[in-house]
Amino acid sequence: MNQTRARGRFITFEGIDGAGKSSQIAAVVALLQARGLTVDQTREPGGTALGEKLRELLLHEPMNLETEAMLMFAARREHLAARIHPALEAGTWVVSDRFTDATYAYQVGGRGLDAAKFSALEDWVHPGFQPDLTLVFDLPPEIAAARVANTGTAPDRFEREQRDFFERVRAAYLERARMAPQRICVIAADRPPERIRAEIEAIVAERFFR
Ligand code: TYD
């Protein structure tokens with residue numbers, strides 16, 4: 001039978017560092033796979049061989065803030081061209097730890113760069129393309145910072161930022177959610193993981209499997 005497979009869906013996870021996305025991403029991937037879907041789990045910056053090299057630089061190499069912003073989009077362009085678009089076209093669902101909302105939150109909200117420049121970059125890198133669903137993990141920066149401190153690994157360029165930086169990042173995420181309520185769901189992340197997981201499962205079921 002020559003039946004074309006339906007296009008995959010694109011789900012992204014966002015939030016300040018230490019918001020607790022990782023285990024919930026794994027749960028969503030398992031949930032989708034249990035429904036018989038093929039799922040590609042990825043992350044930004046990163047997701048391709050080149051993107052992972054750029055990630056290494058972005059997380060550890062001192063650089064000008066506009067260089068940082070453009071490298072985020074360069075890595076994203078590669079990610080879309082080499083991995084995300086082909087996967088979605090093949091019917092694979094793509095779950096990414098961060099995407100363009102992170103650039104608005106961190107580079108515009110946190111770093112204070114001019115938002116107007118970013119819509120031009122966004123239109124260049126992914127014209128007319130957005131995630132089908134974005135889950136923003138929201139919690140007070142002081143709780144998130146305590147979680148990051150407990151991981152025992154050396155903090156990267158972003159994790160070393162102070163609380164006011166993460167307050168701005170958080171506010172930028174919430175503002176984006178307010179502007180795109182049909183795409184972005186805010187998850188209260190300072191709750192037990194099982195509760196968060198149940199809420200996310202309900203959101204995914206309602207959004208895609210009703
Ligand atoms: P993350 O994968 O959450 O880091 P970790 O592996 O430590 O959990 O994200 C890496 C960092 O990159 C994070 O601090 C946010 C930052 N970032 C931006 O500043 N802009 C972006 O566009 C993206 C995708 C990430």
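**Exercise 1: the surroundings of Arg157**

Starting from the polar contact that the side chain of Arg157 makes with the side chain of Glu68 (2.6 Å), work out where Arg157 lies, whether Arg157 is buried or exposed, and which residues Arg157 touches.

*Solution.* The model is a predicted one, in which local features need pLDDT of at least 70 and side-chain atom pairs count only at pLDDT 80 or more, whereas totals for chains, interfaces and linings use all residues. Residues are numbered from 1 along each chain as its sequence is written, and side-chain values use heavy atoms, with hydrogens and water left out.

Begin with the position: Arg157 sits in the loop between α6 (141-149) and α7, where helices (H or I, at least four residues) and strands (E, at least two) are DSSP runs numbered from the N terminus. Next, take the accessibility: the relative accessible area of Arg157 is 10%, so Arg157 counts as buried (under 20% relative accessible area, with exposed meaning over 50% and partly exposed in between, using a 1.4 Å probe and protein chains only).

Then turn to the polar atoms, where a polar contact is a pair of N or O atoms within 3.5 Å; within protein, one must be able to donate a hydrogen and the other to accept it, and residues adjacent in sequence count only if both atoms are side-chain atoms. Besides the pairing with Glu68, a polar atom of the Arg157 side chain lies 3.4 Å from the backbone oxygen of Glu61. Finally, list the contacts (heavy atoms within 4.5 Å): not counting residues up to four places away in sequence, Arg157 touches Leu58, Leu59, His60, Glu61, Pro62, Met63, Leu65, Glu68 and Arg111.

**Exercise 2: the cover of helix α4**

Determine how many residues of helix α4 (residues 100-110) are buried, and state which elements are included in what covers them.

*Solution.* Eleven of the eleven residues of α4 are buried, so the helix is largely enclosed by the rest of the structure. The buried residues run from Thr100 to Gly110 and include Tyr104, Tyr106 and Gln107. For the cover, look to β1, α3 (65-89), α5 (115-125), β4, α7 and β5, which are included in what lies over these residues.

To see one residue in detail, take Tyr106: leaving aside neighbours within four places in sequence, Tyr106 is in contact with Gly15, Ile16, Asp17, Arg98, Arg111, Phe158, Phe165, Phe166, Val169 and Tyr173. One of these partners, Arg98, is found in the loop between β3 (93-97) and α4 and has a positive phi of about 80° although it is not a glycine. After α4 comes Gly112, whose phi is also positive, near 85°.

**Exercise 3: strand β4 and the nonpolar core**

Find which strands are joined to β4 by bridges, decide whether the faces of β4 are covered or open, and identify the residues that touch the most other members of the largest nonpolar core.

*Solution.* Begin with the pairing (two strands pair if DSSP finds at least two bridges between them). Five bridges join β4 to strand β1 (residues 10-15), the two running parallel, and Thr12 has Thr134 as its bridge partner in β4. Five bridges also join β4 to strand β5 (residues 184-188), again in parallel, with Phe137 partnered by Ile187.

Both faces of β4 are covered, since Leu133, Leu135 and Phe137 on one side and Thr134, Val136 and Asp138 on the other are all buried. Now consider the core, defined as a set of buried Ala, Val, Leu, Ile, Met, Phe, Trp, Tyr and Cys residues joined through side-chain atoms within 4.5 Å. Of the 40 residues in the largest nonpolar core, those touching the most other members are Phe13, Tyr106, Leu135, Phe137 and Ile200. Helix α7 (residues 163-179) gives the most to this core, with six residues. Another core, of 16 residues, lies apart from it, with Phe10, Phe99, Tyr104 and Leu121 among its members.

**Exercise 4: the ligand**

State how many residues surround the ligand, and which polar side-chain atoms lie 2.9 Å, 2.8 Å and 3.0 Å from ligand atoms.

*Solution.* The ligand is surrounded by 16 residues (each with a heavy atom within 4 Å of it), of which the closest are Asp17, Arg55, Arg98, Thr103 and Gln107. A polar side-chain atom of Arg55 lies 2.9 Å from a ligand oxygen atom, one of Gln107 lies 2.8 Å from a ligand nitrogen atom, and one of Glu159 lies 3.0 Å from a ligand oxygen atom. Of the 560 Å² of accessible area that the ligand has on its own, the protein covers 87% (Shrake-Rupley method with a 1.4 Å probe; for residues, only the protein chains shown count as cover).
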